[in-house]
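Good morning, and thank you for making time for this presentation. I would ask you to keep the structure in view while I speak.

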Protein chains: 2
Amino acid sequence: MYLSQPLHKALREAPGRTAVVFGRRRWSYAEFVDRVSRLAGALKEQGLRPGDRVGMLAINSDRYLEFFYGTFWAGGAVNPVNIRWSPTEIAYSLDDCDTRILIVDDAFASLLPEVRRHSESLNTVIYAGEEATPASMLDYETLIQRADPVPDVVRQGDDLAGVFYTGGTTGLPKGVMLTHANIYLNALSTLTAVNRQHSTVGLHSAPLFHVAGLSLTGQLFARLGTHVVLPQFEPGMVLRAIEEEEISETFLVPTMLKRVLEHPDFRRRRLDSLRFVMYGAAPIDGKLLDRATEAFPQARFAQMYGMTELGAVATVLPPWSHTPEGRKAEKLRSAGLPIPCAEIRILGPGGEELPHGETGEIVVRGPCVMPAYWSKPEQTREVLDEGWMHTGDAGYMDADGFVFIVDRIKDMIVSGGENVYSAEVERAVLTLPQVSDCAVIGVPDDDLGERVHAVVVLKEHETLTLDALKAHCRRLIGGYKCPRSMEVRSELPLSAAGKILKYKLREDHVRHARA
Amino acid sequence: MYLSQPLHKALREAPGRTAVVFGRRRWSYAEFVDRVSRLAGALKEQGLRPGDRVGMLAINSDRYLEFFYGTFWAGGAVNPVNIRWSPTEIAYSLDDCDTRILIVDDAFASLLPEVRRHSESLNTVIYAGEEATPASMLDYETLIQRADPVPDVVRQGDDLAGVFYTGGTTGLPKGVMLTHANIYLNALSTLTAVNRQHSTVGLHSAPLFHVAGLSLTGQLFARLGTHVVLPQFEPGMVLRAIEEEEISETFLVPTMLKRVLEHPDFRRRRLDSLRFVMYGAAPIDGKLLDRATEAFPQARFAQMYGMTELGAVATVLPPWSHTPEGRKAEKLRSAGLPIPCAEIRILGPGGEELPHGETGEIVVRGPCVMPAYWSKPEQTREVLDEGWMHTGDAGYMDADGFVFIVDRIKDMIVSGGENVYSAEVERAVLTLPQVSDCAVIGVPDDDLGERVHAVVVLKEHETLTLDALKAHCRRLIGGYKCPRSMEVRSELPLSAAGKILKYKLREDHVRHARA
């Protein structure tokens, strides 16, 4: 299994078909593979050896897909950098897995001096933006034009394909290692669970740096489809792309879908090409689904649930569960059925397997589960037990095999589709001299799904404003992780063992919100 | 990737669902896995170690599926024996890969004394028939009842899953080694190419000893579906099973489909559960498809093309190509598009890659290609070149990526869905003292697709009847390989290099047939 396989197939089966569209740039498969093999040549000229990592810090573009496949073609492993991180976080993730080559675009070129100051590994920076290339960087297009195309190294199977950093409960991001087999199989397995047509047109508007971005890319390449890439999610651009490029499938988390349906252009655009909408991050609200079904009568809907450590997807709620007939079975709050490559068990507190309907920790086994966190054997042992990945999510399986997510055991907030680990935010808040104690929780939010909310206990005679809290945090952690709301308490609810009872904080908050 | 994975999933997702139906026997997934794990225990008690082969010589039954999965569960590799072979051929295939345990049913128990006489490897014979167990054999049900269930050994990935014997151009059958990854991926990949519903009811009437049988089994298990097994193909039984078990998908080669449509019960049976008909071995005739579409208006059709060495399937002609709309694209004579795991090239006589539309040898690369023939490094090198499997089939790819099979380069006849290698039959014919030269070809046949036809040159003053030829061959090779028709010539057409020009013989024959 080699992730570059679809490109070899396309050269024979569909060389003239459009592979990638980004703004005015359109590349046929023959052109795309030519660029990929030249980028691979350029990376090798820059010293890349098989297994070495290449990073990319950029919003979405055609070049993001070239980065993925050019790196694979050269035998390297991708390190797609989270665009919401601070320069110190970025430097940490580059150094942790010794990433020496980084591709950067306009949006992030200005961060590079500070990233460089903090990073020991970073050596070569390639500028893939649209402006003039800064003097300290190599120019992406020049490299591609000058490099000779090289043959595919064809790394495969258990060879490393990428390192994907996720926030950690301990505060330090962990690099999830995924192999060619992990990602290749996950894409195929997800395709069997929610089949789509051969050679269709897919739209990428969610960030490609997420592992889900690579998974969706693989699902479309496996069918030699056309990728239309938007720089980022913007509902008006999504609507325009669907009409102009006759998009047939896309991924939109429920909050994105809501914004698309509420956009003023919505009624003006011709949208009947859309046949398939995947979503994730959260179940879809029944009312939102009603509106979406009315708006896109041709479209089927499917939810995907997973996590980076699982090679992206673990369960799929099939289109059938979204139809008026299927909704009678009441699976819409479920994350769906395990895909063919994923075995799922529900474990009780003692590690015993629980029967249908009982809530415990969701653990997953199969050929898509990561082999390890990068150079973190201890954290790997904590989550991987004889091939079973402990997701940290609490849930149950019903008698029909559908998995329901009840809560996150790991203390994590999903805000606007991003994972935020409470512990990391708490560490930042606790460095404020005014604060004696702190608990960070997710509270319901109409726009973000969940909002990062800080509950603080102040030292005697101290005061703290939300603005001061935000400004302080923003210096330490990515903006999306910073608290957007705050409450001050005289003390935090503790268990007998002295552990903060976050569920009590959440309960209170829900009660407040309802009042 | 472990082929037993669906069973582990089923224990959690659908333990009460029916896994296998054979006549009056019905096993739920929980019961089936229990039997599989007990059979694995019994095999281990009989001395099976990880990687060892287990053979089965039987027509189809529920026990054939138990043999597959019980062997995998015990860590062994299956050796499904061709039921049309002679005892000497059977013994050869057992000895070649050192198969010590053989499961046999009523239909073949009587062959065992002769197989034993010829085989050095065969040690333990397990009787899985419905009659009284012969004294020299162990009783299958007793073994299962007495054995303790054992945990799954979970062999996976590149571990050997089976050895599948195919006739060889050199006369000796070759054992195609297929790994867990080969078969697992091929099933998933075929599923993405022709998606079918989750948890449907599939009907097996084609022989399970073919690799296609295991592939179809895997495709259904991956969706936790129900297997209905018929002992063998018989059109009346197929029709009855479709009605009684509400079959939704099945595999029928065109000649089988024709017999089903022509059966007197056809109009009497309720057949509207059938949603999907796969076929193989040959393209479907347009008129036959018209009749089938009329007969099964709910059903989609798809062709699969492949060979044992490719893990079963390499291309799929999608349902769309079979619709009135799709048929305008004129792909019905094609074998379809390469599935996601298969890269296909067309090579010219000098090994150069040919452009679209030009006919050459079809070569295939990908993670489903066999690693090797069992202990035949020379024959392996002849067909496997840097991962590319030389199929021996001649064909071309059109500009849309569809593969058309033009002819078989390897001198092979497909008669009634079975591969017959001319060289093997010629060797048998040439041992007749009356014969001075011989060429065996396939000629068109209404029932069999192709019929084995011998063209012989007799020695001076000798005579030969077809009956004598048949009787002689039947002592040496399987009955289905024996010539069914014969012509006597004074000489064979030869090329300048002295090679028999078989295409001339075939041309003449077609002309004769039309006259």
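Before I turn to particular residues, one definition is needed: two strands are said to pair if DSSP finds at least two bridges between them. In general terms, strands of a sheet pair through backbone hydrogen bonds, either parallel or antiparallel. Please also bear in mind that what you see is a predicted model.

I begin with strand β3 of chain B, residues 53-57. On one side, β3(B) is joined by 4 bridges to strand β5, residues 101-104 of chain B, and the two run parallel. Within that pairing, B:L57 has B:V104 of β5(B) as its bridge partner. β3(B) is also joined to strand β4 of chain B, residues 77-80, again by 4 bridges and in parallel. Here B:G55 stands opposite B:N79 of β4(B). To get from β3(B) to β4(B), the chain passes through helix α3, residues 62-73 of chain B, and this β-α-β crossover is right-handed.

Is β3(B) enclosed or open to its surroundings? Of its 5 residues, 5 are buried, so the strand is largely enclosed by the rest of the structure. As a general point, side chains in a regular strand alternate between the two faces of the sheet. In β3(B), both faces are covered: B:R53, B:G55 and B:L57 are buried on one side, and B:V54 and B:M56 are buried on the other.

A contrast is offered by B:K376, which is found in the loop between β18 (360-365) and α14 (377-383) of chain B. Because B:K376 has 19 C-beta neighbours inside 10 Å, it counts as partly exposed; a residue is called buried if there are 20 or more. The C-alpha atom of B:K376 lies 33 Å from that of B:L220, and the two residues are 156 apart along the chain.

My next topic is a second sheet in chain B. This open sheet has 3 strands in the order β24-β25-β26, with mixed pairing. Its edge strands, each pairing on one side only, are β24 (435-445) and β26 (485-489) of chain B. From one strand to the next, the twist averages 25°. Strand β25, residues 449-458 of chain B, pairs with β26(B) in the parallel sense over 5 bridges, and B:A454 stands opposite B:M486 of β26(B). Helix α15 of chain B, residues 422-430, lies across β24 and β25 and runs at about 140° to β24(B).

Finally, I come to the two chains together. A turn of 180° with a shift of 0.0 Å along the axis lays chain B on chain A with an RMSD of 0.1 Å. The two copies are therefore related as by a two-fold rotation axis. In chain B, the C-alpha nearest that axis belongs to B:T192, at 2.5 Å.

How many residues of chain B are in contact with chain A? There are 25, and they touch 25 residues of chain A. Elements giving two or more residues to this side of chain B are α1 (5-13), α8 (180-193), β16 (337-338) and β17 (343-347). The most comes from α1(B), with 5 residues. By class, this side of chain B has 12 nonpolar, 8 polar and 5 charged residues. Of the interface residues of chain B, 100% are also interface residues in chain A, so the copies meet through the same surface.

Methods. Residues numbered from 1 in each chain as written. Chains lettered and ligands numbered in written order. Predicted model: local features only at pLDDT ≥ 70, side-chain atom pairs only at ≥ 80, totals over all residues. Buried ≥ 20, exposed ≤ 12 C-beta atoms within 10 Å, placed from the backbone. Right-handed = clockwise from strand over helix to strand, strands pointing away. Contact = placed C-beta atoms within 7 Å. Nonpolar A, V, L, I, M, F, W, Y, C, P; charged D, E, K, R; others polar. Least-squares fit on C-alpha atoms with pLDDT ≥ 70 in both. Axes fitted to C-alpha atoms, helices over the stretch in contact; angles between N-to-C directions.
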